[in-house]
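User: Please take a close look at one part of this model, the metal sites. What holds each ion, and how does the chain run there?

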Amino acid sequence: MTSRQAPHCGLAPRCLWLLGAVLLMDASARPANHSSARERVGNREENEILPPDHLNGVKLEMDGHLNKDFHQEVFLGKDTDGFEEDAEPRRSRRKLMVIFSKHDRAPVSELQSCYQGLIVSPRVDLNTDRRISAKEMQRWIMEKTAEHFQEAIAESRAHFRAVDPDGDGRVSWDEYKVKFLASKGHDEREVADKIKNKWDLNVDEETQEVLENLKDRWYQADNPPPDLLLTESEFLSFLHPEHSRGMLQFMVKEIIRDLDQDGDKQLSLSEFISLPVGTVENPQGQDVDDGWVRDRKREFEELIDANHDGIVTVAELEDYMDPMNEFSALNEAKQMIAIADENQNHYLEPEEVLKYSEFFTGSKLVDYARSVHEEF
Ligand SMILES: [Ca+2]
Ligand SMILES: [Ca+2]
Ligand SMILES: [Ca+2]
Ligand SMILES: [Ca+2]
């Protein structure tokens, strides 16, 4: 995208935000970072061959927004049953306590299984001393992140089949482009003919811009020798940059480029918390929402800027974004404990987890005190 090369023009952030919005397909209805997990599922079904803006278990979305559901994603993993908005509170409480420490009520199949070499235990409180330490929470986060990885692999496999109808295990950029334009309402056969004959595709400017971005990404995902044919694993890193070091670096570079106003290829706090005029959230350039700034400031100061020098470098952002980084997982674990640690002993007791249920699970529990007695 040519407009991104001018660091001072202010167009670049707008372009990225626009792309994020276009990728979500219903940008006019709501801003990207306010869509709930449930709404996202619907979007994914419609646009299954597009790289998602939101990646489960990854701190920032592709458009640079904070992932608001991150803590729930790394606490619950893929199993969010029992914490729906209309879930029965008693059931949610019990389930939360099962996650905390009780293993005898979990089905046998859940008790021991292996993900990518990690031993999976069905409870956070591994040593059963009825409190969660930062180490225990870190291990739990890593396990739940691995679950999201497995989920993404399965999802990508299904989508790969859809874009590789002849089943030869390779998808060309042109084949993908046909499927992408078909998903946007173009006639599949007509587009295929035009591409074959190298005729003008006649797509609007916005679609053209999305296509150029997708092609950049396609190139990045294509391991040497560059033949623009993606295998299933390359396609996985095309859809899910968190699965490949190279793609993760690419994603970080894009985010920095789009937030970096002075062109020094790193981010100051003010760059990280400023919201470009013309985005979905800020159409008239009004004062930026306080909560938005507060959340981003805390994230910048406490987690992303690891050496606390007020500057976020490429390397710092990469570590922060990498869901498999153990150091970041430990920092997250400490932050998650600090949020609910009312008696400030650096551990989470059952009472604290129940009281802050909404933070960990997305579902609020009213009568948490009673449930501690009931469940123990
Ligand atoms: Ca413990
Ligand atoms: Ca900068
Ligand atoms: Ca720093
Ligand atoms: Ca505590």
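**The calcium sites**

Analyst: Asp 264 is partly exposed, with a relative accessible area of 35%. Here buried means under 20% relative accessible area, exposed means over 50%, and partly exposed lies in between, with a 1.4 Å probe and protein chains only. This is a predicted model, in which local features need pLDDT of at least 70 and side-chain atom pairs count only at pLDDT 80 or more, while totals for chains, interfaces and linings use all residues. Residues are numbered from 1 along each chain as its sequence is written, chains are lettered from A and ligands numbered from 1 in the order in which they are written, and side-chain values use heavy atoms, leaving out hydrogens and water.

Asp 264 gives an OD donor to the calcium ion (ligand 2), alongside Asp 260 (OD), Asp 262 (OD), Gln 266 (O) and Glu 271, listed twice through OE, at 2.3 to 2.5 Å. Donors are N, O and S atoms within 2.8 Å of the metal, or 3.2 Å for Na, K and Ca; water is not among the atoms, so sites may look incomplete. Along the chain, the donors of ligand 2 have the spacing D-x1-D-x1-D-x1-Q-x4-E. Glu 271 counts as buried, at 4% relative accessibility.

The six donor atoms of ligand 2 make angles of 53 to 155°, and its site is irregular. Six donors count as octahedral, and four as square planar, if opposite donors are over 155 degrees apart and all others between 65 and 115; four are tetrahedral if all angles lie between 85 and 135 degrees; anything else is irregular. Ideal angles for six octahedral donors are 90 or 180 degrees.

Lys 265 lies in the loop between helix H11 (245-259) and strand E5 (267-268). Helices (H or I, at least four residues) and strands (E, at least two) are DSSP runs, numbered from the N terminus. Lys 265 is not a glycine, yet has a positive phi of about 65°. Most residues other than glycine have a negative phi. Lys 265 is exposed, at 63% relative accessibility.

The calcium ion (ligand 3) has as protein donors Asp 305 (OD), Asn 307 (OD1), Asp 309 (OD), Ile 311 (O) and, listed twice, Glu 316 (OE), lying 2.2 to 2.4 Å from it. Their spacing along the chain is D-x1-N-x1-D-x1-I-x4-E. This arrangement is irregular because the six donor atoms subtend angles of 54 to 158°. Asp 305 is buried at 3% relative accessible area, whereas Asn 307 is partly exposed at 49%.
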